[in-house]
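Subject: Structure handover

Hi,

Here is the structure I promised to pass on. Please open it alongside this email.

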Amino acid sequence: MSSIEILPVPTRILTDKDNIVEIIEKYTQGQVGPNDVISVAESVVAITQGRVTRPEDLRLSFLAKVLCRFVPAEGSLASPYGMQALMNVEGHFRVLFAMILGMLGKLVGKSGVFYQLAGEQAALVDDVTGTMPPFDKYIVYGPKDPEKVANEIKNRLSCYGAVVADVNDLKRSRIVGITAGLDGREIAGLLIDNPFGNASQKTPIVIIKNYAQYQAKNK
């Protein structure tokens with residue numbers, strides 16, 4: 001039985017003029033089989049959808065400047081611009097309410113309340129670092145309809161499955177879009193070492209080779 005292999009795929013710089021499914025088809029040609037899973041970085045999917053904004057185009061509110069101070073320094077929302085971007089899409093009062101309840105939750109030993117209540121974009125907004133140039137100077141929102149994107153990738157390439165993944169160098173890995181029949185937690189674990197290179201490496205696509213056999217073996 002073939003062993004699993006994590007294969008990063010290099011591309012050129014991608015922009016909002018690109019269709020992510022067509023790009024994946026082009027750059028993975030001849031490398032994808034029916035037992036493989038294609039994973040793509042969520043920030044790059046968002047870039048191709050035009051879901052970006054420049055920090056200088058945001059009007060910072062006093063509330064954003066205050067709330068960002070309650071976020072751990074490594075988080076995108078620790079920046080007032082990242083926090084303002086979130087508030088613009090999810091609503092100022094929703095984010096404030098989530099922050100208050102999140103702090104109360106921590107007092108009783110419950111974590112993650114803020115991200116549960118602040119809206120989908122709370123965990124997906126990327127600040128101006130770690131994104132493929134020239135978008136490393138932009139704030140990138142989470143992708144639109146990541147589940148739909150994953151299904152389009154699978155259908156176009158006739159692979160075993162596809163995922164849109166949110167992975168970083170802090171050993172945080174989660175799947176935001178996935179096709180039926182795949183185990184999101186298992187795939188997130190396989191990607192935990194962040195094989196994506198969204199910056200100068202330009203490898204935003206990763207093929208998980210022989211995943212079908214791997215999944216069958218581990219059932």
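Below is what I found in it, beginning with the sheet.

One caution before that: this is a predicted model.

**The sheet**

Five strands form an open sheet. Their order is 1-7-2-5-6, and the pairing is mixed. Which strands sit at the edges? They are strand 1 (5-9) and strand 6 (173-178), each of which pairs on one side only. Neighbouring strands are turned by 30° against each other on average, ignoring direction.

Two helices pack on this sheet. Helix 1 (residues 20-27) touches strand 1, strand 2 (37-41) and strand 7 (205-209). Its direction makes about 125° with that of strand 2. Helix 7 (residues 146-157) touches strand 2, strand 5 and strand 6. The angle between the directions of helix 7 and strand 5 is about 140°.

**Strand 2**

Start with strand 2. Five of its five residues are buried, so strand 2 is largely enclosed by the rest of the structure. Both faces are covered. V37, S39 and A41 are buried on one side, and I38 and V40 on the other.

Strand 2 pairs with strand 5 in the parallel sense, over five bridges. There, V40 stands opposite V164 of strand 5. Strand 2 is also joined to strand 7 by four bridges, and these two run antiparallel. V37 stands opposite I208 in strand 7.

**Strand 5 and its hairpin**

Strand 5 (residues 161-167) is mostly covered too, with seven of its seven residues buried. G161, V163, A165 and V167 point one way. A162, V164 and D166 point the other way.

Strand 5 and strand 6 pair in the antiparallel sense, again over five bridges. V164 has G177 as its bridge partner in strand 6. For D166, the partner in strand 6 is R174. Five residues lie between the two strands of this hairpin. One to look at is K171, which takes a positive phi near 65°.

**The cores**

In soluble globular proteins, nonpolar side chains tend to be buried together. Here the largest nonpolar core has 36 residues. Which of them touch the most other members? They are I20, I24, V40, I153, I175, I187 and L191.

Several elements each supply at least two residues of this core. They are helix 1, strand 2, helix 2 (42-48), helix 7, strand 5, strand 6, helix 8 (184-190) and strand 7. Strand 5 gives the most, with five residues.

V40 is a good residue to click on. Leaving aside neighbours within four places in sequence, its contacts are I20, I24, V45, I153, V163, V164, A165, F196, P204 and I205.

There is also a second, separate core of 19 residues. It includes L77, M87, F114 and A122.

**Helix 5**

Next, helix 5 (residues 92-107). It has 16 residues and reaches 23 Å from its first C-alpha to its last. That is close to the 22 Å expected at 1.5 Å a residue.

Which residues of helix 5 are buried? They are V95, A98, M99, G102 and G105. Seen down the axis of helix 5, these fall within an arc of 125°, so they line one face of the helix. An α-helix has 3.6 residues a turn, so residues three or four places apart point the same way. On the other side of helix 5, F93, F97 and L107 are exposed.

The buried residues of helix 5 pack against helix 3 (62-67), helix 4 (80-90) and helix 6 (113-117). Helix 5 is followed by G109, which has a positive phi near 85°.

**S79**

Last, one loop residue. S79 lies in the loop between helix 3 and helix 4. Is S79 buried or exposed? S79 has a relative accessible area of 12%, so it counts as buried, the cut-off being under 20%. Not counting residues up to four places away in sequence, S79 touches C68 and D127.

Best wishes

Terms used
Residues numbered from 1 in each chain as written. Predicted model: local features only at pLDDT ≥ 70, side-chain atom pairs only at ≥ 80, totals over all residues. Heavy atoms only, no water. Expected span 1.5 Å × (residues − 1). Buried < 20%, exposed > 50% of the residue type's maximum accessible area, 1.4 Å probe, protein only. Arc of directions from axis to C-beta. Contact = heavy atoms within 4.5 Å. Pairing = 2+ DSSP bridges. Axes fitted to C-alpha atoms, helices over the stretch in contact; angles between N-to-C directions. Core = buried A, V, L, I, M, F, W, Y, C linked by side-chain atoms within 4.5 Å.
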